[in-house]
Protein chains: 2
Amino acid sequence: MEIPYKIYLDESDLPRAWYNLRADMKNKPAPLLDPATHEVMTAEKLGAVFCDELVKQELDNDTRYIPIPDEIRDFYKMYRPAPLVRAYCLEKKLGTPAKIYYKFEGNNTSGSHKLNSAIAQAYYAKKQGLRGVTTETGAGQWGTALSMACAYLELDCLVYMVKCSYEQKPFRREVMRTYGAKVTPSPSDTTAIGRKILAEHPGTSGSLGCAISEAVEAATTRDGYRYVLGSVLNQVMLHQSIIGLETKTAMDKYGVKPDIIIGCAGGGSNLGGLIAPFMGEKLRGEADYRFVAVEPASCPSLTRGVYAYDFCDTGEVCPLAKMYTLGAGFIPSANHAGGLRYHGMSSTLSQLYHDGYLDAVSVEQTSVFEAAVQFARVEGILPAPESSHAIKVAMDEAIRCRETGEEKTILFGLTGTGYFDMYAYQRYNDGEMSDYVPTDEELAASFAKLPKID
Amino acid sequence: MEIPYKIYLDESDLPRAWYNLRADMKNKPAPLLDPATHEVMTAEKLGAVFCDELVKQELDNDTRYIPIPDEIRDFYKMYRPAPLVRAYCLEKKLGTPAKIYYKFEGNNTSGSHKLNSAIAQAYYAKKQGLRGVTTETGAGQWGTALSMACAYLELDCLVYMVKCSYEQKPFRREVMRTYGAKVTPSPSDTTAIGRKILAEHPGTSGSLGCAISEAVEAATTRDGYRYVLGSVLNQVMLHQSIIGLETKTAMDKYGVKPDIIIGCAGGGSNLGGLIAPFMGEKLRGEADYRFVAVEPASCPSLTRGVYAYDFCDTGEVCPLAKMYTLGAGFIPSANHAGGLRYHGMSSTLSQLYHDGYLDAVSVEQTSVFEAAVQFARVEGILPAPESSHAIKVAMDEAIRCRETGEEKTILFGLTGTGYFDMYAYQRYNDGEMSDYVPTDEELAASFAKLPKID
């Protein structure tokens with residue numbers, strides 16, 4: 001059967017349930033701990049911060065399929081099923097016998113896969129009768145996605161945006177405002193933790209960990225609000241499983257089986273979502289695939305981090321998670337262009353990596369932008385810097401196939417578009433971009449500050 | 001048959017030929033004239049400026065279907081067939097019995113329908129053995145599209161970008177540079193006409209008419225270059241017929257017949273492309289539809305212009321075209337946010353309007369942005385300001401149906417996304433946007449300068 005450039009599934013093929021990979025894991029991800037007592041977080045405690053239904057999903061390590069409510073499926077239909085693209089033009093350009101596919105999640109205004117979880121989280125908040133949700137955003141995709149979902153459901157949306165992004169990406173901010181969100185640069189004087197950080201670090205340009213603390217405080221000190229998060233958590237990876245489910249359906253339809261599946265990894269939700277059903281087969285012994293997480297050399301949590309309980313935020317108000325981490329105090333060089341700046345990694349992916357089911361590589365950003373530009377010129381799509389980490393490694397694999405003659409099938413996740421990252425592209429175009437890799441000493445100093453958990 | 005949210009045609013449904021609406025027009029559009037002698041432009045004369053094959057297409061008023069070369073179809077497959085969307089969410093929000101459809105052309109990095117003609121024009125330039133092409137761009141969609149097409153074909157691309165856009169939209173410029181184009185702010189000192197304009201109007205922020213003059217000079221004074229244009233011309237409307245052909249195929253597949261077809265109109269190519277096959281049926285007496293061109297009240301060429309021969313550019317180096325025009329010297333208020341700033345209108349659409357086959361309305365920009373924001377919040381897509389002119393009128397029609405109870409089927413063209421127009425959205429969000437409508441006296445003064453052609 002001839003494979004088209006773009007495989008679009010029918011709306012009737014849109015999955016009716018998310019796939020919960022944890023159900024097929026022998027070693028479950030470690031539970032969240034109370035940051036004060038170090039006791040396992042209960043549903044009740046989590047419910048003070050998160051929506052009830054999302055707490056259930058967060059803690060459910062057993063139910064394999066969780067139905068997608070019709071209201072969420074209807075929203076999905078506005079931009080899903082997302083296309084699976086055969087990169088014929090890239091293959092030709094590279095002169096490779098490899099067959100390259102990518103799942104493109106950028107076909108929506110948020111510009112990324114983030115919308116898949118944003119609508120789910122907003123929906124459960126609405127269903128619980130809440131007035132609104134709070135969150136943080138760094139690069140801005142998550143904040144945009146949540147704003148869109150809240151606008152659709154007429155839910156209040158408070159976004160704490162890392163100050164340097166707020167200033168460097170005014171247009172991201174405007175998209176959120178256009179969707180009705182209230183956007184505050186973080187740290188701000190609207191929260192106690194924000195005021196404390198401002199007092200201790202006057203003139204700071206903020207960090208994701210700090211914005212998380214502010215958003216959590218804003219949720220827990222307001223009536224009818226809960227906090228929502230765009231990555232790292234189990235629930236997010238659950239919602240993102242729709243990426244992998246659609247991909248698998250599309251590939252099965254054409255009898256294609258990937259040899260290697262590649263995704264960029266910041267908090268891990270897009271990669272986790274893309275690989276979920278394939279990893280499930282691997283865990284159940286039904287099939288084998290090679291999985292590769294790609295992270296920036298400037299923020300290498302899997303490749304150079306330690307596997308330990310750590311804080312998720314600077315303010316230490318969030319639960320502790322066991323994960324590969326660079327230490328909650330680690331702040332990647334401001335030089336780094338894209339997202340993927342989080343110090344930790346999803347507990348689920350961390351466990352899989354620890355158990356040897358997943359490989360990880362790190363790449364430097366100038367090589368990532370080089371790959372991004374090559375890709376854009378032949379495939380048309382201008383990729384987000386985050387997504388371009390996966391492009392870089394997919395291209396490397398395809399070039400290796402040219403050398404060995406192997407006809408591997410390579411699948412990668414193209415998580416989003418770079419329309420709001422042109423400042424970074426400009427620096428690359430002007431030859432002003434450089435690389436940064438933390439030293440062993442820097443990392444050791446950061447690891448020394450990890451909380452001591454037995 | 002239940003109609004999905006998005007109708008995606010198969011790749012095999014991608015049209016194999018463009019439809020040349022002129023073949024079905026009894027009154028053909030008036031021919032281009034030599035700006036110096038006022039004689040009808042010959043193919044030979046046009047060939048000094050345009051690619052040979054494109055000159056043929058420009059002058060061909062008789063061939064109904066012109067085959068799309070396989071190389072262009074392959075490129076189209078990277079982003080086409082474009083989806084026809086049923087606006088279920090908008091219908092629900094408006095509480096209208098009307099059925100609203102839109103053809104979405106924003107699913108590509110150029111952010112608009114412009115790519116449909118860019119790849120065709122670049123292809124014919126490449127086939128002719130040329131080294132490169134030159135063009136102008138205002139809002140930036142056309143320049144981006146041409147850059148993408150030239151990158152794909154490895155063709156040199158020189159873009160003269162209206163200076164105020166160059167400065168206000170640095171990220172548009174960076175997208176073009178990322179695709180390898182050389183972008184020059186216009187007026188510039190790289191051309192004789194640019195130097196002349198700079199000397200006469202020091203500190204000018206430029207205009208589309210001026211950038212056209214520079215791009216034409218750049219093409220005609222270089223070996224192996226030709227000039228290409230993103231709208232107005234017959235050839236462009238021919239390429240854009242793919243929009244209407246796909247739309248008609250998708251609607252026919254589901255047995256849907258539009259009552260009213262709405263599009264924004266700057267130079268006219270997207271509207272002309274969308275309506276082409278429907279208008280063909282109307283001209284041949286096979287079916288009836290109402291067609292509506294929507295233009296900004298600040299640049300109302302159809303609704304307030306005159307039907308006359310006029311210059312297409314400020315430098316008066318391009319052929320004269322008979323069209324509805326505000327006068328080549330008319331410059332819309334800088335206050336106006338989007339594209340649609342061109343003083344004239346496609347000769348083909350002008351003739352159809354003159355003959356009563358097409359209606360036109362003008363709308364003010366604050367009402368356009370109001371509609372755009374409403375649309376974005378329920379349909380997800382953040383529309384370009386240009387496209388939002390069509391949204392505004394489609395919503396007005398749907399609201400009228402709510403009042404009358406009519407179940408009209410409304411189709412409009414959603415030509416692109418607004419990701420690079422956030423400065424305009426910001427002004428709207430901040431309540432700083434205002435409207436501008438030229439006075440009768442201003443227009444009369446502009447009309448007085450029209451060239452006198454017998």
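Q: How many salt bridges are counted between chain B and chain A?
A: Let's start with one pair in this predicted model. Glu154(B) and Lys93(A) bring their closest N and O atoms to 2.7 Å from each other. A salt bridge asks for such atoms within 4 Å, so this pair qualifies. Between chain B and chain A, the count is six salt bridges.

Q: Which helix gives the largest share of the side of chain B that touches chain A?
A: At least two residues each come from helices H4 (88-94), H6 (141-153), H8 (170-178), H15 (365-379) and H17 (422-429) of chain B. One of these helices supplies six residues, the largest share of that side. That helix is H8(B).

Q: Which three residues of chain B supply more of the area that chain B buries against chain A than any other three?
A: About 4,100 Å² is buried between the two chains, with 55% of this area coming from carbon and sulfur atoms. Of the part that chain B buries, 17% belongs to three residues. They are Thr178(B), Arg377(B) and Tyr419(B).

Q: Do the copies meet through the same surface or through different ones?
A: In the contact between the chains, 44 residues of chain B face 44 residues of chain A. Of the interface residues of chain B, 100% are interface residues in chain A too, so the copies meet through the same surface.

Q: What kind of axis relates the two copies?
A: Chain B is superposed on chain A by a rotation of 180 degrees, with 0.0 Å of shift along the axis and an RMSD of 0.0 Å. The copies are therefore related as by a two-fold rotation axis.

Note on methods: Residues numbered from 1 in each chain as written. Chains lettered and ligands numbered in written order. Predicted model: local features only at pLDDT ≥ 70, side-chain atom pairs only at ≥ 80, totals over all residues. Heavy atoms only, no water. Contact = heavy atoms within 4.5 Å. Buried area = accessible area lost by both parts, 1.4 Å probe. Salt bridge = Lys/Arg side-chain N within 4 Å of Asp/Glu carboxyl O. Helix = DSSP H or I, 4+ residues; strand = E, 2+ residues; numbered from the N terminus. Least-squares fit on C-alpha atoms with pLDDT ≥ 70 in both.
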